[in-house]
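Visitor: Could you choose one part of this model and take me through it closely? I would like to know how it sits in the rest of the chain.

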Amino acid sequence: MIELNGLVKRFGSLTAVDGISLHVEKGEVLGFLGPNGAGKSTTMKMATGYLTPSEGSVRVCGHDMASAPLEARAAIGYLPEGAPAYGEMTPHQFLIFNARARGFRGDQRKSAVATAVSRTQLTKVLDQPIQTLSKGFQRRVGLAAAILHNPPVLIMDEPTDGLDPNQKFAVRRLIASMAKEKAIIISTHILEEVDAVCTRAVIIDNGKVVADGTPAQLMARSRYHNAVIVEIGNAHAEDAASVLRTLAGVDRVSEAREAASRRFTLFPTDASELLIENISTLVREKQWDVRGLYAEEVRMDEVFRTLTTSDATAAEGDQA
């Protein structure tokens, strides 16, 4: 439903997007991730027809953005960065304006506006000027405009930006409820959002795709995937250190000293293998003074840092 093929965007000597290709199918919610300046917003603007690519092509529901722009754009609901709107209008006026621009008339227009208002929970601010609303409500007005015509494709730039936790939950639930019938792309800096609503995630850096997979597949790329932490009392710490370093299936061990114990982090040779069962058996056999034993939590932010070049160097420096 969304086909981005070899997209390139240059601004003078700067190449903001450098050969991005993505295909998104019906039923997919694609999380579009990357550090600031990676090219996310520029890519989304090209995908929606707001920017013309320097190279490459965009197709939406079979319509080529260059040769059939009206048909391609009609299939898209777009929430841009900042959710721009006419501040002097009320949400009700703004949505009616959008409905008219989309060709809705009479009862059809009233029904479309009412549905969008209900789904984005705007009823209590419907007649206030948009410029007087909080950032979160302004974002929801933009979201209501994006879904007003029930498009088969939704492209949203930071849809939960500025929302409080309850509002974020409501928007994520709304996205999930629409996902089966649409192809959805959302950019976000909130990594927990990827696991909460996305079926797939793409990370870009310097205008290029550096990772593409399900959230679970990306998490599996973390160096902490299936790592085990065991904390041993000082009386047994030296014995534990020598045994753990030579244990089959352990690639390397890092240590941290506490006042009365030593904490070992064991990284598996094969990240798909579970170490914790073998470690549990070992510590029982050795009868070490175990203060803690658990599988390390997988970290999406660590995967993100590793894959985005601007932060990878800093991360390596921290480890050193």
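Guide: Happily, and let me begin with the chain as a whole. Among contacts (heavy atoms within 4.5 Å) between residues at least 6 apart in sequence, 68% join residues at least 24 apart. This is a predicted model, in which local features need pLDDT of at least 70 and side-chain atom pairs pLDDT 80 or more, while totals for chains, interfaces and linings use all residues. Numbering starts from 1 along each chain as its sequence is written, and side-chain values use heavy atoms, leaving out hydrogens and water.

The chain has 12 helices and 14 strands, taken as DSSP runs (H or I over at least four residues, E over at least two) and numbered from the N terminus. Its C-alpha trace spans about 80 × 45 × 30 Å along the principal axes. Of the 320 residues, 49% are buried, that is, under 20% relative accessible area with a 1.4 Å probe and protein chains only.

The part I would choose is helix α3, which covers residues 91–101. Pro91, Phe94, Leu95, Asn98 and Ala99 are buried there. Looking down the axis of α3, these buried residues fall within an arc of 135° (from the directions of the C-beta atoms), so they line one face of the helix. Their packing partners are α4 (106–120) and α5 (135–147). Just after α3 comes Gly103, with a positive phi of about 95°.

From here we can step into the largest pocket, to whose lining α3 gives two or more residues, as do α2 (69–74), β6 (76–79) and α5. On a 1 Å grid over the protein atoms alone, a pocket is an open set of points with protein on both sides within 12 Å along at least five of seven lines, a cavity is a set where a 1.4 Å probe fits but cannot get out, and lining residues have an atom within 4 Å of a point. The largest pocket holds about 600 Å³, a volume being the space filled by probe spheres on grid points joined across faces, edges and corners. Of its 23 lining residues, Tyr50, Tyr78, Asn98, Arg102 and Ala145 lie nearest the centre; Asn98 is also one of the buried residues of α3. By class, the lining has 17 nonpolar, four polar and two charged residues (nonpolar: Ala, Val, Leu, Ile, Met, Phe, Trp, Tyr, Cys, Pro; charged: Asp, Glu, Lys, Arg; polar: the others, including Gly).

The two helices that α3 packs against lead us on to the largest cavity. There α4, α5 and α6 (165–178) each give two or more residues to the lining, with α6 giving the most, four. About 60 Å³ of space lies inside, and the lining includes Arg119 and Thr120, Arg140 and Leu143, and Ala170 and Val171. Its residues divide into four nonpolar, three polar and two charged.

Helix α5 also takes us to the second largest pocket, as α5 and α1 each supply at least two residues of its lining. The volume here is about 300 Å³. Ser41, Glu81, Asp157, Glu158 and His189 lie nearest the centre, out of 19 lining residues. This lining has three nonpolar, eight polar and eight charged residues. So much for α3 and what surrounds its partners.

Note on methods:
Buried < 20%, exposed > 50% of the residue type's maximum accessible area, 1.4 Å probe, protein only.
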